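Reader: Please take a close look at one part of this model, the lining of its main internal space, and then follow the connections from there.

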Amino acid sequence: MQQCIAFGLLMGVLMWRLTFRKTHFPIHRSSQDPVERRWRLRHHLLPAGQQANVDVSNRSEVEQSFADLGVRPLVPSQVPVRGRRRRRPIPFPARQRVVAIVSNRSGDGDAFANLGVRPLLPSQVPVHDGGRRRRRRRRRRHAPPPVEQQVSAVVGAEAANHTSADPHGGTSAGQSLCSPADYGSGRWERASKPPPYPNMNCRTDRRDHHGFVWRPTRGECVIPEFHVGSLNACLRTRSIHMFGDSHYREACEALQLRCSLARPACTFKVICHMVLRLVPDFHGKSVDPALLRRLQHGNPATQILVVGTGHHYGAKKRGMANKNDTEVEAYALRSVNVFLSQLRSLRYEGLIVWNTYTPRHFVGAEWDQGGKCTFASDEPLDPHVVLRRRSSDLYGFGEERVVRFWDGVTDHIARETSGQSNFLINNITWLSLLRPGSHVANYSGKAGVKWDCSHFCHPGVPDTWNDMMLHAVCLRSNV
């Protein structure tokens, strides 16, 4: 019996020696053999104390030895504990990230730097929202901004110029954008601003015709001035076709000049068309051919038509001989009706802006009878003072009837187009009436030229016409 027990013990020792020989008994190869050491590291057969004592805080000393073995060094927290089963790491979803959050960056910064990990503050941890934030950002990137935001930069710059200009104590804090319905009444106020371009048609005039802004009567609303960035965002690559006589052509040329000097350059185009009368023939039944081509063959989505008329229907104008005032007014009204009827028959859906009549200020006689415009001051007239005095202070010679007639035509156009969202009226008559001292007069610098009390100096009043027109277009156009 004792022999059987001894034999069993002997066999148990032999089996134990054969099973755990590589771990607890001297190995046949040298302990510095890289092949043997790599095998031991792969199977975690180094003693736990030796594994834990590997110091990675000083990488320069152990870097070469690990490189020789072809293994990556482990930090103490990554050393597997003997006797426990290693758990495989659970993969995170693709959109989530494992981040290290530290509340005290100064204390743990060195440890994270040694591991090559950039610590994040708790507020910097990304939150997975299922991609909703990315989709919202993509929609904002491709959707056009609202029109109110497109001109916000211009409003801020314009409002800064009027912080102390209101005599009633208003400031720029409560200012808002004006609508085209507010253009018809208001007052001029002086503003300190440089001219946008050199003097063009009043070469010998040293007066400042540009240093005023038009303030409509309603509240504290502001008409934004020319700002190329906001206008490019609004108009993009559209074309502005401006039709009219020489009075409206000077506004078109002023806008072209501002675009040529703007930086960055204007993305939209401005084209001028000389049209003396909407219907060239006294008995005609069609509008001017240039305007008709735009209505028939132009692309309504990419063009804006700006139309103005009124100065070449007089009895002394070319082609209007032997016509009295009543016949002239009937012809002018018939021309407007032909224009409106052709818009309806062609079903034109593009945007159209109607510029109202621009008054003259001849004093003493008509333009061909020695009339002049010698005013004591170039300051704008005060509407409250003018309306309490005689009308000759506001209107030029024989101009009161003409202005009142075209005011009636404007009311007629407003009634005929009341249901059309693509038709705008840019009322520039009243603000032009209050600027009799801003005409070219005798400052053109051309020899033998009579007094010009009809056209305005620019830079000056025509730039305000353009600012009002562009602002109305950007408010109406949802681009």
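Author: The lining of the largest cavity divides into six nonpolar, four polar and six charged residues. Here Ala, Val, Leu, Ile, Met, Phe, Trp, Tyr, Cys and Pro count as nonpolar, Asp, Glu, Lys and Arg as charged, and the others, Gly among them, as polar. The model is a predicted one, in which local features need pLDDT of at least 70 and side-chain atom pairs count only at pLDDT 80 or more, while totals for chains, interfaces and linings use all residues. Residues are numbered from 1 along each chain as its sequence is written, and side-chain values use heavy atoms, with hydrogens and water left out.

In all, 16 residues line this cavity, and those nearest its centre are Lys193, Val213, Glu225, Thr464 and Asp467. A cavity is a set of points on a 1 Å grid over the protein atoms alone where a 1.4 Å probe fits but cannot get out, and a lining residue has an atom within 4 Å of a point. The volume of the largest cavity is about 130 Å³, the volume being the space filled by probe spheres set on grid points that are joined across faces, edges and corners. A search of the whole structure finds three cavities of 30 Å³ or more.

Strand β2 and helix α17 each supply at least two residues of this lining, and the largest share, four residues, comes from α17. Helices (H or I, at least four residues) and strands (E, at least two) are DSSP runs, numbered from the N terminus.

Helix α17 covers residues 461-476 and reaches 23 Å from its first C-alpha to its last, close to the 22 Å expected; the expected span is 1.5 Å times one less than the number of residues. Of its 16 residues, 14 are buried, so α17 is largely enclosed by the rest of the structure. Buried means under 20% relative accessible area, exposed over 50%, and partly exposed in between (1.4 Å probe, protein chains only). Ahead of this helix, Pro459 sits in the loop between β9 (452-456) and α17, and the peptide bond from His458 to Pro459 is cis, with omega near 15°.

The other contributor, strand β2 (residues 212-216), has five of its five residues buried, so it too is largely enclosed. Phe212, Trp214 and Pro216 point one way from β2, with Val213 and Arg215 pointing the other way. Strand β1 (residues 186-190) pairs with β2 in the antiparallel sense over five bridges; two strands pair if DSSP finds at least two bridges between them. In this pairing Arg187 stands opposite Arg215 of β2. These two arginines and Glu189 are linked in a network of salt bridges, a salt bridge being a side-chain nitrogen of Lys or Arg within 4 Å of a carboxyl oxygen of Asp or Glu.

Two of the residues nearest the centre of the cavity, Lys193 and Glu225, also meet each other through their side chains in a salt bridge (2.3 Å, N to O). This pair links distant parts of the chain, with Lys193 in the loop between β1 and β2 and Glu225 in the loop between β2 and α10 (228-235), 32 residues apart. Lys193 counts as buried, at 16% relative accessibility.

The structure holds 14 salt bridges, and two others can be set beside this one. The side chains of Asp325 and Arg401 meet at 3.8 Å, N to O. Asp325 lies in helix α13 (residues 325-346) and Arg401 in helix α15 (residues 399-416), so the pair ties together parts that are 76 residues apart in sequence. Asp325 counts as partly exposed at 44% relative accessibility, as does Arg401 with 45%. The side chains of Glu366 and Arg360 meet in a salt bridge at 3.0 Å, N to O. Glu366 is buried, with a relative accessible area of 13%, and Arg360 is buried as well, also with 13%.

Returning to the cavity, its lining holds six charged residues, and Lys193, Glu225 and Asp467 are among the residues nearest its centre.

How values were computed
On a 1 Å grid over the protein atoms alone, a cavity is a set of points where a 1.4 Å probe fits but cannot get out, and a pocket is an open set with protein on both sides within 12 Å along at least five of seven lines; lining residues have an atom within 4 Å of a point.
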